[in-house]
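I opened my notebook today to look up how the chains of this model meet. Here are my entries, in the order I made them.

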Amino acid sequence: MRTIRFLLQKEFRQIFRNKAILALIMVMPIIQLIILPLAADYEIKNINLSVVDHDHSPYSRHLISTITASGYFRLQGYHSSMREAYDLIEQDKSDLALEIPSGFERNLIRQQVDKQQLFIAVNAINGTKAGLGGAYLSSIIRDYNQHIRMEWITPARIQPIPTIEVVPSNRFNPLLKYQFFMVPGILAILLTMVGGFLSALNIVKEKEIGTIEQINVTPIKKHHFILGKLIPFWVLGNVVFTLGLLVSWLIYGIFPQGNILAMYGFIWVFLLAVLGFGLLISTYTDTQQQAMFIMFFFMMIFILMGGLFTSIDSMPAWAKVVSRLNPVSYLVEVMRMIILKGSGWSDILPHLGTMLGFAAALNGWAIWNYRKTS
Amino acid sequence: MNPQEPVIKTEKLTKRFGDFIAVNEITFEVYKGEIFGFLGANGAGKTTAMRMLCGLSTPSAGHATIAGFDIYRQTEQIKRNIGYMSQKFSLYEDLTVLENIRFFGGIYGLGDRQLKSKSQELIERLGLQAEAKKLVGELPLGWKQKLAFSVSVLHEPSIVFLDEPTGGVDPVTRRQFWALIYEAASNGITVFVTTHYMDEAEYCNRISIMVDGSIEALGTPKQLKSQMNETSMDGVFYQLARGAKRGE
Amino acid sequence: MKQFITFVKKEFYHVLRDRRTLLILFGMPVAQILIFGFALTNEVKNAKIVVVDHAKDEASRHITERIAASQYFDIQEGLMDRDRMEAAFKEGQIKLAIVFPRNFRNDLLHQNHAQIQVVADASDPNNATTLTNYVSSIIQDYQMGLNENATLPYQIVPQIRMLYNPQLKGAPNFVPGVMALVLMLVSVMMTAISIVKEKETGTMEILLVSPFKPVWVILSKAVPYLFLSLINVLSILLMSVFVLQLPVMGSWLLLFAESTLFIITCLTLGIFISIKTQSQQVAMLISLMGMLLPTMMFSGFMFPIENMPVPLQIISNIVPAKWFYIIVKSIMIKGVGFEGIWKETLILCGITLFFFVVSLRSFKIRLE
């Protein structure tokens, strides 16, 4: 125990002495937490719409104004041909083109042709945006359609037809704010990055400057040495996380709905796991540059496969397996559960168990692979 | 205590890296309180041999005991009984003088009171009172080396290994450094030192000279000189090292 | 020229010797393409949902069957009541719940009106919207089926065509993004670090005192990375064509020419960073924070730029990767020729020239 005390004293002194790095550790995550959710806004709005109206009738105009009034679409302009609209899509000036055929009003209202078609072309390079944009437009047209029927069909004239009304309700985020979704995830990523990179570079740095030799000839126990490295970053991770939580509360008004203690409990174990992973990489590499690159490689996989941007449910089976082996995916999920859904201890218990396993395995491996003797 | 009691004893100690034999069956003994010079050209295998003796590197073959402990099985006990100062300066440059002393003393298990008195004493002996709270990185090289040595014997080991401790240091500081070494030896600490400076070799009680991984000569400086018919250690070294195939 | 080749050779030795880093450099694009191509989809598939059926009648069963048959949903079995549903949401086990009220069929047949409650986990808002939409359209279909005999007048049928990417795959969006990211990493970060490393170890001094012009020393360091980057471009394109089945619609030659331009832009940035910094760690941090992060954020491949606040939109204009991303997307996916991207090309040229001149000037100052 005494040895650990001295190791800790040393590590903390070194951390606090390097003011530039310390400031970076504290300030960078906060700046990122402020900017990233603003940038990472996938809320679909401002879809640029080009209209080719061959009909020029009151009904077609009404349809267009209904669409633009929805708030999702921004009228980019009117065009005389679809060719022109396609050109704009090609130049990325427009995302979606709507063609209203001539005779739209006549067919629909006066002649009561059964089906009156509208033609819509969507720039689908960005699949999400295209999918949602198309869906929004369809549902607006559906509503408009309903509206016309109400207007023209006198209740007596038709047989009553059964209708099913779908009543949607959005739990945990009724206003569908995208930031609610992103902020907990970004917090998770920042924590992972700070912990992972710092610990990965640390032992390697001692290797590079040679001080590790001096440590290796002392009777220090391997697990003491690793613990001495682990604890300071663990404390730092907690500080960064708490700061992040404060920032998301002050700026985005996002405050954990669930059990805060459960969240910290999970964070504590998670930090152990991610720091263990960093130390593990540290024991396998010889230079800081190598450690950096290898960590970068894994970070990329962890973050992309962590369910931050895309849902893990939609992944193919092999990718689901990979994401089960990814500690970050559990963190992202737990953060969203506790912060947004108000989950508590019992809800996160399985995740906590898995994370304990990760922490034990990674740290065990790191201790095993840290050799005092070559 | 028997002055002829061996504290380092090696028998055909060997280290191979693949096909390359870095250290080839070296056998020697070092006695308590002795200053043992370990000489050789660059690449002769000195550092590798020393790393094996310190428990930093596992030998490929042969036997050795350090302070009575086996080099294979008892590396942790060995580490309690030795001090080590590497070629590369290896105190923490971003800690102060005092913090470094306390840290290394602490991990060798010195008690709080012991630490306090020892570090006080050490700083006074080195005349570093004014620098005690300065970062080690700000000290001139010579002072750093003296500090590193003092730290390596802080826990009163029975043997201290010094790997080219005076490289790049001015003659005056070297002289002071050797005064520290003598002091340690007179306190019963065995000193095992590698060096390139032949005048330093003359300060040693006994020396060995390694060529291409093997020990080619072993004895007191006087013995070696008379054996080889040379007037200086320079000459002895030159005669032996001339035949070396490895090195620069 | 001969000296230059000697220098370039030396740099190649350096680069090729560090196997671990090399492995990561070539492994990175492969891993990214695999992850983006197969693991990350914006499509919703197999979303876990529950059906809380208080009605347990023919109508509710029919609708449930239809939902179960769709590939979008994966209905979780088990007797579900409201409390259990609540818990399942909190544990993250389900994304959506469909609640049929008691007497659902009765209401539908006798009052011609029935309600279905669709509860979505909106902690992921887009996912919630998409899922709710799918459920609605399945229910709508069912309703249409009920009304088959009755003719429904005044019907507008929107016909939607998805251009360029009919299956709404993620690939067309990210392949250009991965290219920008990997080129940034290799050309900016590696170049910067390798030059600063020579400064740190002091070998730079030796090179600079040689009769060879200092500018050439620096340029020779950039050449191996130009090659590595081109190999990466080729491997990404081959993977995207053969593994992701995403063909290059436009000209390969144009694509390579534009990639080379972007690589040169990146190399210039790397050289610029290396001139301004003194230690590897600082160079690393600056390339990571100042180059890679903005590339991910502001190139438009992960996050739509038009949704950002105006100041960030303005910032995005100085990120070279944004322009490269547009260029690659235009050539690869839309098959646009040079006439469609000359503006972006010009901007990239401008950025390159700017940093080249600035680097050259600060380099001279350092030498004096």
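Before anything else, a working definition: I count two strands as paired if DSSP finds at least two bridges between them. I also keep in mind that this is a predicted model.

**Entry: strands across the chains**

With that definition I looked for pairing between chains A and C. Strand β5 of chain A, residues 163-171, runs parallel to strand β4 of chain C, residues 113-121, and the two are joined by 9 bridges. To place the register for myself, I noted that A:Pro168 sits opposite C:Val118 in β4(C).

**Entry: the sheet**

Which strands make up the sheet, and in what order? I read the order as β5(A)-β4(C)-β3(C)-β1(C)-β2(C), which is an open sheet of 5 strands with mixed pairing. I then checked the edges: β5 of chain A and β2 (73-75) of chain C are the edge strands, each pairing on one side only. On average, neighbouring strands of this sheet are turned by 30° against each other, if direction is ignored.

I moved on to the pair that involves the chain C edge. Strand β1 of chain C (residues 47-53) pairs with β2(C) in the parallel sense, over 3 bridges. One residue pair I marked here is C:Ala47, whose bridge partner in β2(C) is C:Phe73.

**Entry: helices on the sheet**

Next I asked what packs on the sheet. Helix α3 of chain C (residues 58-69) does, touching β1, β2 and β3 (96-100) of chain C. The direction of α3(C) makes about 125° with that of β2(C). α6(C) packs on the sheet as well, and its contacts cross the chain boundary: α6(C) touches β5 of chain A together with β1, β3 and β4 of chain C. I noted an angle of about 170° between the directions of α6(C) and β5(A).

**Entry: the A-C contact as a whole**

How many residues of chain C are in contact with chain A? I found 91 residues of chain C in contact with 90 residues of chain A. Helix α6 of chain C, residues 125-146, gives the largest share of the chain C side, with 13 residues. By class, that side of chain C holds 49 nonpolar, 28 polar and 14 charged residues. There are 2 pairs of chains in contact, and chains A and C share the most contacts.

**Entry: the A-B contact**

I turned to chain B. Here 23 residues of chain B are in contact with 21 residues of chain A. On the chain B side, α2 (75-81), β6 (82-85) and α3 (97-107) each supply at least two residues. I sorted the residues of that side into 9 nonpolar, 8 polar and 6 charged. Chain B and chain C do not touch, and their nearest C-alpha atoms are 15 Å apart.

**Entry: chain B on its own**

I counted 9 helices and 10 strands in chain B. Its radius of gyration is 18 Å, which agrees with the value near 18 Å for a compact globule because chain B has 248 residues. The C-alpha atoms of chain B fill a box of roughly 50 × 40 × 40 Å along the principal axes. Buried residues are 44% of the 248 in chain B. Of the contacts in chain B between residues at least 6 apart in sequence, 70% join residues at least 24 apart.

**Entry: domains of chain A**

Last, I looked up the domain assignment of chain A. The assignment gives domain 1 as 11-40 + 178-369 and domain 2 as 47-152. The C-alpha centres of these two domains of chain A lie 47 Å apart.

Technical notes
Residues numbered from 1 in each chain as written. Chains lettered and ligands numbered in written order. Predicted model: local features only at pLDDT ≥ 70, side-chain atom pairs only at ≥ 80, totals over all residues. Contact = placed C-beta atoms within 7 Å. Helix = DSSP H or I, 4+ residues; strand = E, 2+ residues; numbered from the N terminus. Nonpolar A, V, L, I, M, F, W, Y, C, P; charged D, E, K, R; others polar. Rg over C-alpha atoms; globule rule 2.2 N^0.38 Å. Buried ≥ 20, exposed ≤ 12 C-beta atoms within 10 Å, placed from the backbone. Domains from an automatic or database assignment. Axes fitted to C-alpha atoms, helices over the stretch in contact; angles between N-to-C directions.
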